[in-house]
Amino acid sequence: MKKKSAVFILVTFFITSCTTTVSDKVTSLDYASAESDIYVSAKKLEINLSDKIYFNFDKASLTSDSKELISEYINFAKNAKAIRLEGHCDERGTREYNLALGEKRAIEVKNYLIIKGVSSSKIKVISYGEEKPEKLRSDESSWKKNRRVEISLF
Amino acid sequence: MTNFSIGFISSLVIHILLFLFLTLDFSLKNTKENFSSIPIKFISLSKEIKEIVAMPQKKSIKKLESNAQSLIEVIKTKDEPILDIFAQENLKTELNNFNLAKENMEVQLRINLIQKRINSVWKKPSMINQDIQVEITINLAPSGEILSFALLNSSKNKVFDDSALAAISNISFLPEVINLDRSYFEKNFRSFNLVFKSIGN
Amino acid sequence: MFFLFFLILSPLSESKLKIEITQGSETLPKIAIVPFRNEILSGSKSISSLIEANMTLFGEFNSLKKNEMLSYPHSEENFYYRDWKLLEVDFVVIGNVDNSNLNNLDINYLVFDVGLRKIILKGDISGNPNELEQISKIISNRAYQSITGLDGVFNTKLAYILNPSKNSYKIYISDIDGSDEQLLFNSSSPLMSPSWSADRKKLAYVSFEKGYPEIYIQDLFTGNRSSIDTLGMSNSAPVWSPNSKYIAFVMSMSGNPDIYLYNLRNKKISRLTRHYGIDTEPAWSPNSKKLLFTSNRSGSPQIYELIISSGRIKRITLDGDYNARARYFPNGKDIVLVHGNNGIFHIATKNLKSRFINSISKTSLDESPTISPNGNIIIYATKKKTQGFLAGLTINGKSKFTLPVQEGSVREPAWSPLVN
């Protein structure tokens, strides 16, 4: 378990008042149920394949090379208990947009796996955006490595 | 009202003529082939007026004056066989235009210099994309001394108004007008308005 | 068009000559903060040097050094405008400290406009000697306001994310001058997107502590944290509405990030955008009626504006291949955004009604701009080699500054609102 600590602080502030209103005419939301975290307790399967799919800048679409690589995963994926797809971006552009873009990348891989017959219920998608780069430098070769989806089978 | 209209229309007509003359060179083109011995200088004069009005410099005014001088000399040469009435009229018109252009240039040169001086002392308040302006009227002596100034149209922004007034009070003289022809001074700079502007994008 | 040009230029036109002045001087206004009478108190900095540090914090003014002053006037009677004009000073602050009661200082001060030869502010303030920094901030705010016409922001705060080393993420808040920093939360998983509540009592941010991005609201008084209940779905990019009623945020249902609204009173969530592309980075208009957001629905990230009551969406940016994470200026008419072209990312401003995008930063990986509550200063994140740090500039482009970096990378600055 990761160590977390909240440091409680006391700051004295004054109170302000606001008078503007927002008209609240929006449709209400139906919740989708949360996905279970099977992989957390499961052991990661070691597979002798590159576990990284790379992308072009500001793109979530799979290249033909990527599709080939994912295809090699299909049989392992079908037999795995759970699949985790982690989307990442390079540092360029904005953080929150990149968080969404990383998710789109992982979803793209997920959809390809589903097309190839992998059950969608065992695929877990998550994005770290640009928060966890593999390379820290600001150059094309680092950015290339950082625009990725990492595949883990359990 | 009618005086104004007449003034406006005649001013418009004069300007249209001036504009056509400066840009099209139509009259000289008509006569160009017939009077091929007229020095090239004449033809280039109109072009120079055009250029100099856009960016007046003391140097270029002098150059224009010397060109005009040779123009005057040609007109004076009455027995010049190649100049018929039509050509002489053209040259007179051009000389007249030259006088108008000269005043324009002399005044514009001072305007540019005054703009430069006031810009250098105006601590313009920082503001994003606001279209505001304050107009201040200034009374000047021919010596360049600022005799008085007053807020004419407020920007409704006190800090902006104050910054403009402070800029003017930081200058006591506008020496730019000292060497200006007196009639030009009276007409243009005896009393004039400064408009301080903040322009949005 | 050309006729008009000549008519305006012509000295022969009927009306009085008008000369337009639009540029202004490149030099900054010069201020002098004269040492206050009786300002020397044991164990603290002098009031005048505290005020001077505040006034010059963002590089908006040059200040005259104390040893270059011709005199130290303490009252209107011994203040001579020509002395200060000679030194090319535009504004002077003088003051007196009444320290007869050691538990309650009484301070009066004056601000002079040297150009106009007049007093533009008379102020009185009293307080405990150990609140001298706070008192100086208030005097600075008042003086700044009288000189610039803008609210002083010297008692505002800054929240930011610090990434001191791999797998270490911290949220700090500090005074706007970087002092008095306090750790709010510390995690081994990424932290993102700090956003202040309008009353400055709470901070919302994104934490990955559960393995996916989730919004937390932390009370700054008690330290209590709570998350928005979205039944385990990823949510991110929280922004507090200026009227304190809502948090706009991003949630992704089956891989489709859209903008949602969280009602802080009844805890209800409602959906605002519905598009298969990416919709993210919401930002509230000052009147809490509109949102800016980033969407790639056109193929590349661009800024859109949503009117909440009608749901109408309008595209705001048209030029450039990457326009994202916009924020409104306090006037509600201009925005600041991240503007990218050919892989270079600058901070830029734009008027909502004009097409023109005006890049204002010079470095190439600039992001996360945050605007001072008075609209005059922007702090943003940038990067040098592998280190992220914060930089700032005034919107007239005359002043640029960087904020001191500690170890590691600093990013995502969030300027607190003003609190009166």
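Trainee: Okay, contact means heavy atoms within 4.5 Å. Going by that, among contacts in chain C between residues at least 6 apart in sequence, what percentage join residues at least 24 apart?

Mentor: In chain C, that share is 40%. Keep in mind as we go that we're looking at a predicted model.

Trainee: Got it. What is the secondary structure of chain C?

Mentor: Chain C has four helices and 30 strands.

Trainee: And how many of its residues count as buried?

Mentor: Chain C has 420 residues, and 63% of them count as buried. Its accessible surface comes to about 16600 Å², and carbon and sulfur atoms account for 48% of that surface.

Trainee: Switching to chain B. How many helices and strands are there?

Mentor: Chain B has seven helices and three strands. Reading from the N terminus, the elements go α-α-α-α-α-β-β-α-α-β.

Trainee: What about burial and surface in chain B?

Mentor: There, 48% of the 201 residues count as buried. Chain B exposes about 10500 Å², with 58% of it supplied by carbon and sulfur atoms.

Trainee: And the contacts in chain B with a separation of 6 or more: what percentage comes from residues 24 or more positions apart?

Mentor: For chain B that figure is 72%.

Trainee: Which strands form the open sheet that has E1(B) in it?

Mentor: Four strands, in the order E2(B)-E1(B)-E3(B)-E1(C), with mixed pairing. At the edges are E2 (146–153) of chain B and E1 (18–21) of chain C, each of which pairs on one side only. From one strand to the next, the twist averages 25°.

Trainee: Which helix packs on that sheet?

Mentor: Helix H6 of chain B, residues 158–169. H6 touches E1, E2 and E3 of chain B, and its direction makes about 25° with that of E1(B).

Trainee: How many bridges join E1 and E3 of chain B?

Mentor: Eight, between E1 (residues 132–140) and E3 (residues 191–198), and the two run antiparallel. If you want a spot to click on, Val134(B) stands opposite Phe196(B) in E3(B).

Trainee: Now chain A. Is strand E5 mostly covered or open?

Mentor: Mostly covered. E5 of chain A spans residues 148–153, and six of its six residues are buried. On one side you have Arg148(A), Glu150(A) and Ser152(A), and on the other Val149(A), Ile151(A) and Leu153(A). Both faces are covered, with all of those residues buried.

Trainee: Which strands pair with E5(A)?

Mentor: E2 of chain A, residues 52–54, pairs with E5(A) in the antiparallel sense over three bridges. E3 of chain A, residues 83–88, is antiparallel to E5(A) too, over five bridges.

Trainee: Who stands opposite whom there?

Mentor: Tyr54(A) stands opposite Arg148(A) in E5(A). Gly87(A) stands opposite Val149(A) in that strand.

Trainee: New topic, salt bridges. How many over all chains?

Mentor: The count comes to 33. One to look at is Arg147(A) with Asp90(A), at 2.8 Å from N to O.

Trainee: What does the Arg147(A) and Asp90(A) pair tie together?

Mentor: Arg147(A) is in the loop between helix H4 (140–146) and E5 of chain A, and Asp90(A) is in the loop between E3 and helix H3 (95–115) of chain A, so the pair ties together parts 57 residues apart in sequence.

Trainee: Are those two buried or exposed?

Mentor: Buried means under 20% relative accessible area. Arg147(A) comes in at 5%, so Arg147(A) is buried. Asp90(A) has 2%, so Asp90(A) counts as buried as well.

Trainee: Which pair crosses between chains?

Mentor: Try Glu367(C) and Arg95(A), whose side chains meet in a salt bridge at 3.3 Å, N to O. That pair goes from strand E26 of chain C, residues 367–371, to helix H3 of chain A. Glu367(C) and Arg95(A) are both buried.

Trainee: And where in chain B could I find a salt bridge?

Mentor: Between Glu186(B) and Arg190(B), where the closest N and O atoms are 2.9 Å apart. Glu186(B) is partly exposed at 33% relative accessibility, and Arg190(B) is partly exposed at 28%.

Trainee: Last one: which residues do salt bridges with shared partners join into one network?

Mentor: Asp51(A), Lys52(A), Glu134(A), Arg148(A) and Glu150(A). You've met Arg148(A) and Glu150(A) already, on one side of E5(A).

Definitions and conventions
Residues numbered from 1 in each chain as written. Chains lettered and ligands numbered in written order. Predicted model: local features only at pLDDT ≥ 70, side-chain atom pairs only at ≥ 80, totals over all residues. Heavy atoms only, no water. Buried < 20%, exposed > 50% of the residue type's maximum accessible area, 1.4 Å probe, protein only. Pairing = 2+ DSSP bridges. Axes fitted to C-alpha atoms, helices over the stretch in contact; angles between N-to-C directions. Areas by Shrake-Rupley, 256 points an atom, 1.4 Å probe, with all protein chains shown as cover. Salt bridge = Lys/Arg side-chain N within 4 Å of Asp/Glu carboxyl O.
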